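Here are a few exercises to work through with the structure open beside you. Take each task on your own before you read its solution.

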Amino acid sequence: MTLCGGCRALGSCRLGVERERLDEDGVARFELSCPRSHEGGPDVAHGGWTAAVLDDCLGHLPLLHGVMSVTAELTVSFVKPVPVERPLELRVWADRREGSRWYITGELTLSSGGAVLARASGIWVTRDQSHYVRHAQWLAGQGGDAENR
């Protein structure tokens with residue numbers, strides 16, 4: 001499984017994603033559960049966790065195809081409260097690709113029974129590693145003291 005920079009140091013996904021795979025039909029499937037540390041209401045995931053895990057997993061679809069991308073737009077529909085510490089599945093697929101843009105949709109469900117908990121769609125734009133160099137250069141020009149981060 002590919003981990004983001006923050007999770008790579010820990011050796012596991014802080015959002016609770018345990019497995020990912022790309023099926024032959026192009027659909028990515030993620031097995032996950034919301035860690036108790038992301039609880040919002042009693043036994044329910046914080047909406048920020050739901051949005052973050054959808055952003056992360058939808059953004060992994062291009063990565064599973066060997067393409068780096070960044071989120072340009074994300075829309076989340078919260079259908080039902082997401083329980084913490086329960087097995088979940090997230091299915092992700094590309095609706096279409098236009099040039100450097102991937103239009104991606106996903107659906108978060110309870111593993112038992114398949115109840116839909118949240119849906120998301122968005123646009124991811126392909127980038128190469130120089131994207132981060134350009135960002136660092138831009139940020140340096142914005143002022144402030146980078147050593148006090």
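Two strands count as paired if DSSP finds at least two bridges between them. Keep in mind that this is a predicted model.

**Exercise 1.** Find the bridge partner of Thr-109 in strand 6.

*Solution.* Begin with the strands: strand 5 covers residues 101-110 and strand 6 covers residues 116-126. They pair in the antiparallel sense, over 9 bridges. Now look across from Thr-109, and you meet its bridge partner Val-116.

**Exercise 2.** Describe how strand 1 and strand 2 are joined and paired.

*Solution.* Strand 1 (residues 17-22) runs antiparallel to strand 2 (residues 28-32), with 5 bridges between them. Within this pair, Glu-20 stands opposite Phe-30. The two strands form a hairpin, with 5 residues between them. In the turn, Gly-26 has a positive phi of about 90°.

**Exercise 3.** Work out the strand order of the sheet, and why one side of strand 1 and of strand 3 is left without a neighbour.

*Solution.* The open sheet has 6 strands in the order 1-2-4-5-6-3, with antiparallel pairing. Strand 1 and strand 3 (69-78) stand at the edges with a single partner strand each, so one side of each has no neighbour in the sheet. From one strand to the next, the twist averages 20°. Finally, add helix 2 (residues 47-64): this helix lies across strands 1, 2, 3, 4, 5 and 6, at about 130° to strand 5.

**Exercise 4.** Which residue lies over the face of Tyr-103?

*Solution.* Check the ring centre of Tyr-103: Arg-96 lies over this face, 3.8 Å from the centre. For pairs of aromatic rings, with centres within 6.5 Å, the count is 0.

How values were computed. Residues are numbered from 1 along each chain as its sequence is written. This is a predicted model: local features need pLDDT of at least 70, side-chain atom pairs count only at pLDDT 80 or more; totals for chains, interfaces and linings use all residues. Side-chain values use heavy atoms; hydrogens and water are left out. Rings of Phe, Tyr and Trp (its six-membered ring) pair if their centres lie within 6.5 Å; planes under 30 degrees apart count as stacked, over 60 as edge-to-face and the rest as tilted. A charge sits over a ring if NZ of Lys or CZ of Arg is within 6 Å of the ring centre and within 35 degrees of the ring normal. Helices (H or I, at least four residues) and strands (E, at least two) are DSSP runs, numbered from the N terminus. Axes are lines fitted to C-alpha atoms, for helices over the stretch in contact, and angles run from 0 to 180 degrees between N-to-C directions. Contact means heavy atoms within 4.5 Å.
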